[in-house]
Amino acid sequence: MQVRIEQTENKGRAYIGELPKPLAEMTFTMAGPDKMIIDHTSVSDELRGKGAGRQLLMALVEKARN
């Protein structure tokens, strides 16, 4: 599964699948230059139990570290 990340100003999301309706998505808000708040996660039934949520989280953790 490929995780893509998009961000505009202080809002963004990591997602798996194709827009506008990805199979899994985790949204976030940047609350300053060094603080990311993950505020929503959704995973379709198709990907449930396959580690999609964890992959999204790990991609955002890597982004925050960089």
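Is Arg48 buried or exposed? Arg48 is exposed, since its relative accessible area is 52%; buried means under 20% relative accessible area, exposed over 50%, and partly exposed in between (1.4 Å probe, protein chains only).

The exercises below concern a predicted model, in which local features need pLDDT of at least 70 and side-chain atom pairs count only at pLDDT 80 or more, while totals for chains, interfaces and linings use all residues. Residues are numbered from 1 along each chain as its sequence is written, and side-chain values use heavy atoms, with hydrogens and water left out.

**Exercise 1. Identify the salt-bridge partner of Arg48, and state the number of salt bridges.**

Step 1. A salt bridge is a side-chain nitrogen of Lys or Arg within 4 Å of a carboxyl oxygen of Asp or Glu.

Step 2. The partner of Arg48 is Asp45, with the closest N and O atoms 3.2 Å apart. Asp45 is exposed, at 66% relative accessibility.

Step 3. By this rule there are four salt bridges.

**Exercise 2. Describe the salt bridges of Arg4 with Glu18 and of Glu25 with Arg13.**

Step 1. Between the side chains of Arg4 and Glu18, the N to O distance is 3.5 Å. Arg4 belongs to strand β1 (residues 4-8) and Glu18 to the loop between β2 and β3, so this pair ties together parts 14 residues apart in sequence. Strands (E, at least two residues) and helices (H or I, at least four) are DSSP runs, numbered from the N terminus.

Step 2. Arg4 is partly exposed at 29% relative accessibility, whereas Glu18 is exposed at 55%.

Step 3. For Glu25 and Arg13 the N to O distance is 2.6 Å. This pair links distant parts of the chain, with Glu25 in strand β3 and Arg13 in strand β2, twelve residues apart. Both residues are buried.

**Exercise 3. Determine how β3 and β4 are joined, and locate Thr41.**

Step 1. β3 and strand β4 (residues 36-43) run antiparallel and are joined by seven bridges; two strands pair if DSSP finds at least two bridges between them.

Step 2. The two strands form a hairpin with five residues between them, and Gly32 in the turn has a positive phi of about 115 degrees.

Step 3. Thr41 is in strand β4 and is the bridge partner of Met26. Leaving out residues up to four places away in sequence, Thr41 touches Glu25 and Met26, where contact means heavy atoms within 4.5 Å.

Step 4. Thr41 is partly exposed, at 40% relative accessibility.

**Exercise 4. List the residues of the largest nonpolar core, and state which elements supply them.**

Step 1. A nonpolar core is a set of buried Ala, Val, Leu, Ile, Met, Phe, Trp, Tyr and Cys residues joined through side-chain atoms within 4.5 Å.

Step 2. The largest such core has ten residues: Ala14, Ile16, Ala24, Met26, Phe28, Met30, Leu47, Ala52, Leu56 and Leu60. At least two of them come from each of β2 (11-16), β3 (24-30) and α1. The most come from β3, which gives four residues.

Step 3. Ala52 touches Met1, Ile16, Ala24, Val43 and Leu47, not counting residues up to four places away in sequence.

**Exercise 5. Place Leu57 in its helix, and state its accessibility.**

Step 1. Leu57 lies in helix α1 (residues 52-65).

Step 2. Leu57 is partly exposed, at 34% relative accessibility.
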